[in-house]
Amino acid sequence: MTTGRPMLLVTAGEATPRWLPAFAQALPELHVVGPELPADPAGVAFVAAWRPPPGLFARLPGLRAVFALGAGVDAFLARDDLPPEVPLCKLADAGMAEQMLEFVLPGVLAWQRRTLEYAELQRRCEWRALPARSRGEVRVGVLGLGRIGARVAAELARMGYRVSGWSRGAREVPGVDVRSGADALPALLACSDVLVNLLPSTPETRGLLDGGRLRLLPRGAHLVQASRGDQLDSGALLALLDSGQVGGAWLDVFATEPLPADSPLWSHPRVVVTPHVAAITLVAPAVEQVARNIRALLRGGEPEHTVGRARGY
Ligand code: OXD
């Protein structure tokens, strides 16, 4: 049914029914439709989407802006149907930074409290105390200081950990020793007892955590990997876990998802596998951000948090 109001098409796979009523309530001035294309696709001015069907954007001649309903936008940028003049907007935090901190903390605490080493002693029924570590002795390296990474790094620093951060451009994060540029990476890796990867997936970061770079970590370091699987060489990681060079890995993202049943990562005693759940998009704050952006566009203004296509995030 055509209402004359601009249309917002919502498509987010199985989650679509959770988003539709929230968008309809937040934006009564729009006609909210989805996940199927309406009879008059030319009336669709906005799309809010996660993993939208291939070719969708090419069928929407009146498209004014696209809103990603997740943190990473690499899959949007890899498409060939998103016209370059249509702004693509990402979410800014939307409740994800706090969840990410909760995901990262067990990996940090496990290194500090030697959880995986004690698990190994337990398997051997061996009652033996290992030297204790204080927070101030634990060096955490956070790769990626966007909204989520910066918040995680700052919170860890506030808790008393020694935090270094690595970002593309220099920026300030309270309590964090920030380094930028490719030349700064080897030294940061060499002093990361726990390496936390929160980088966006871009041509520069794909394959970044290869065997050569992982080998730079101090012996027994932990890896927390919660951005994109295509940045990590998991074969190299397994070899380094087996040799003890890497002490443990918390992996939430994988090059192939779901992680294939025959992947040795599933059963490795020092790997924790979770199914891409480190930080879930929360409907209420995300809808609020998208609604604010759509209203700005309807008033003739500029949207916030647009993705730099050349930059890749
Ligand atoms: C993502 C997300 O970008 O889950 O992977 O939001």
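**Exercise 1: Ala-286.** Given a relative accessible area of 0%, is Ala-286 buried or exposed?

Solution. Start with the cut-offs: buried means under 20% relative accessible area, exposed over 50%, and partly exposed in between (1.4 Å probe, protein chains only). At 0%, Ala-286 is therefore buried.

Before going on, a word about what you're looking at. This is a predicted model, in which local features need pLDDT of at least 70 and side-chain atom pairs count only at pLDDT 80 or more, while totals for chains, interfaces and linings use all residues. Residues are numbered from 1 along each chain as its sequence is written, and side-chain values use heavy atoms, with hydrogens and water left out.

Next, place the residue: Ala-286 belongs to helix 9, residues 283–298. Helices here are DSSP runs of H or I with at least four residues, strands are runs of E with at least two, and both are numbered from the N terminus.

Now look for company. Setting aside neighbours within four places in sequence, Ala-286 is in contact with Trp-19, Leu-91, Ala-94 and Thr-281. Contact means heavy atoms within 4.5 Å. Finally, try Lys-90: it is 196 residues away from Ala-286 along the chain, yet their C-alpha atoms are 9.7 Å apart.

**Exercise 2: the nonpolar cores.** Work out how many residues the largest nonpolar core has, and which of them have the most contacts inside it.

Solution. A nonpolar core is a set of buried Ala, Val, Leu, Ile, Met, Phe, Trp, Tyr and Cys residues joined through side-chain atoms within 4.5 Å. The largest one has 59 residues, and Leu-8, Trp-19, Phe-23, Val-140 and Leu-156 have the most contacts inside it. Helix 3 (residues 96–113) supplies the largest share of this core, with ten residues.

Zoom in on Leu-8. Apart from residues within four places in sequence, its contacts include Phe-23, Leu-27, Leu-30, Val-47 and Ile-294. Separate from the largest core there is another one, of 26 residues, with Leu-185, Leu-217, Leu-241 and Val-271 among them.

**Exercise 3: the ligand's surroundings.** Which residues are around the ligand?

Solution. Here a residue counts as near if one of its heavy atoms lies within 4 Å. That gives Trp-50, Gly-70, Ala-71, Gly-72, Arg-228 and His-276. Sort this shell by type and you get two nonpolar, three polar and one charged. In that sorting, Ala, Val, Leu, Ile, Met, Phe, Trp, Tyr, Cys and Pro are nonpolar, Asp, Glu, Lys and Arg are charged, and the others, Gly among them, are polar.

Then check the ligand's oxygen atoms. One lies 2.7 Å from a polar backbone atom of Ala-71. Arg-228 brings a polar side-chain atom to 2.7 Å from a ligand oxygen. With His-276, a side-chain N or O atom is 2.6 Å from an oxygen atom of the ligand. On its own the ligand exposes 210 Å², and the protein buries 86% of that. These areas come from the Shrake-Rupley method with a 1.4 Å probe; for residues, only the protein chains shown count as cover.

**Exercise 4: Ser-201.** With which side chains does the side chain of Ser-201 make polar contacts?

Solution. Ser-201 sits in the loop between strand 9 (194–197) and helix 7 (211–214), and it counts as buried because its relative accessibility is 3%. A polar contact is a pair of N or O atoms within 3.5 Å; within protein, one must be able to donate a hydrogen and the other to accept it, and residues adjacent in sequence count only if both atoms are side-chain atoms. One partner of the Ser-201 side chain is that of Arg-206, at 3.0 Å. Another is the side chain of Asp-230, at 2.8 Å. Ser-201 also touches the ligand neighbour Arg-228.

**Exercise 5: unusual backbone angles.** Where are there cis peptide bonds, and which residues other than glycine have a positive phi?

Solution. Keep the background in mind: most residues other than glycine have a negative phi, and most peptide bonds are trans. Gly-34 and Pro-35 are joined by a cis bond, omega about -5 degrees, with Pro-35 in the loop between strand 2 (31–33) and strand 3 (44–49). Another cis bond runs from Glu-257 to Pro-258, omega near -5 degrees.

As for phi, Asp-93 has a value near 70 degrees and Arg-114 one near 60 degrees. Arg-114 lies in the loop between helix 3 and helix 4 (115–123), and is buried at 12% relative accessible area.
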